[in-house]
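Hi,

Here is the structure I promised to pass on. Have a look at it first, and my notes follow underneath.

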Amino acid sequence: MANAASGIAVHDDCKLRFLELKAKRTYRFIVFKIEEKQKQVIVEKVGEPTESYEDFTASLPADECRYAVYDFDFVTEENCQKSRIFFIAWSPDTARVRSKMIYASSKDRFKRELDGIQIELQATDPTEMGLDVIRSRAT
């Protein structure tokens with residue numbers, strides 16, 4: 001079903017891969033891209049469980065918008081192993097205005113398709129989603 005605000009649909013593969021990340025921890029991260037010609041959100045890249053946060057941030061283009069999901073593992077002060085699923089709306093200042101508008105108007109609808117997101121971040125430059133930011137939001 002297409003998004004009323006932007007006309008962008010969500011490809012079934014997006015939901016399937018997200019479920020695999022959430023339930024089976026098959027991936028560390030997923031980067032989603034809006035395919036404007038097809039008017040739908042598709043999976044652009046998946047990160048293996050062994051990949052680092054640096055691998056994840058390196059997979060986001062410097063001047064194009066993306067949605068991403070990152071499974072962040074951390075240890076609490078009580079020494080408990082935990083994990084949080086982050087939804088990151090990457091919208092760099094250098095991206096085209098049209099692209100930023102399409103991503104912004106499709107975000108809420110897309111996010112609703114991914115059941116199980118715990119924390120949302122909006123980032124316009126890498127410092128807004130640095131590992132220190134992720135760590136502070138996770139706890």
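**The cysteines**

At 0% relative accessibility, Cys 65 counts as buried. Keep in mind while you browse that this is a predicted model. The sulfur of Cys 65 has its closest cysteine sulfur in Cys 14, and at 16 Å that is too far for a bond. Cys 14 is buried as well, again with a relative accessible area of 0%. Seen from Cys 14, the closest cysteine sulfur is the one in Cys 65, 16 Å away, so no bond can be drawn there either. Since a disulfide needs the two sulfur atoms within 2.5 Å, it fits that a search of the whole structure turns up 0 disulfides.

**The sheet**

Next, the strands. There are 6 of them in an open sheet, ordered E1-E3-E2-E4-E5-E6, with mixed pairing. Strand E1 (9–10) and strand E6 (119–123) sit at the edges with a single partner strand each, so one side of each has no neighbour in the sheet. Helix H1 (residues 12–24) packs on this sheet and touches E1, strand E2 (29–35), strand E3 (40–47), E4 and E5. The direction of H1 makes about 35° with that of E3.

E4 and E5 deserve a closer look. Strand E4 (residues 66–75) and strand E5 (residues 81–90) run antiparallel and are joined by 10 bridges. If you want landmarks along that pairing, Asp 73 stands opposite Ser 83 in E5, and Asp 71 stands opposite Ile 85 in E5. The hairpin of E4 and E5 has 5 residues between the strands, and Asn 79 takes a positive phi near 70° there.

On to the E5 and E6 pairing: these two run parallel, with 5 bridges between them. Phe 87 has Glu 120 as its bridge partner in E6.

**The cores**

Which residues touch the most other members of the largest nonpolar core? They are Phe 32, Val 41, Tyr 67, Val 69 and Phe 110, out of 23 residues in that core. H1, E2, E3, E4, E5 and helix H3 (97–113) are the elements that give two or more residues to it.

Phe 110 is a handy place to centre your view. Leaving aside neighbours within four places in sequence, Phe 110 is in contact with Val 10, Cys 14, Phe 32, Val 41, Tyr 67 and Phe 87. Another core, of 18 residues, lies apart from the largest one, and its members include Phe 86, Leu 121, Ile 134 and Ala 138. As background, nonpolar side chains in soluble globular proteins tend to be buried together.

**The aromatics**

A search of the whole structure gives 11 aromatic pairs. Take Phe 72 and Phe 74: their ring centres are 5.7 Å apart and their planes are at 15°, so this pair is stacked. Are these two buried or exposed? Phe 72 is buried at a relative accessible area of 6%, and Phe 74 counts as buried at 8% relative accessibility.

There is also an aromatic cluster, formed by Phe 32, Tyr 67, Phe 87, Tyr 103 and Phe 110. Phe 32, Tyr 67 and Phe 110 will be familiar from the list of residues that touch the most other members of the largest core.

Over to you!

Technical notes. Residues are numbered from 1 along each chain as its sequence is written. This is a predicted model: local features need pLDDT of at least 70, side-chain atom pairs count only at pLDDT 80 or more; totals for chains, interfaces and linings use all residues. Side-chain values use heavy atoms; hydrogens and water are left out. Two strands pair if DSSP finds at least two bridges between them. Helices (H or I, at least four residues) and strands (E, at least two) are DSSP runs, numbered from the N terminus. Contact means heavy atoms within 4.5 Å. Axes are lines fitted to C-alpha atoms, for helices over the stretch in contact, and angles run from 0 to 180 degrees between N-to-C directions. A nonpolar core is a set of buried Ala, Val, Leu, Ile, Met, Phe, Trp, Tyr and Cys residues joined through side-chain atoms within 4.5 Å. Buried means under 20% relative accessible area, exposed over 50%, partly exposed in between (1.4 Å probe, protein chains only). Rings of Phe, Tyr and Trp (its six-membered ring) pair if their centres lie within 6.5 Å; planes under 30 degrees apart count as stacked, over 60 as edge-to-face and the rest as tilted.
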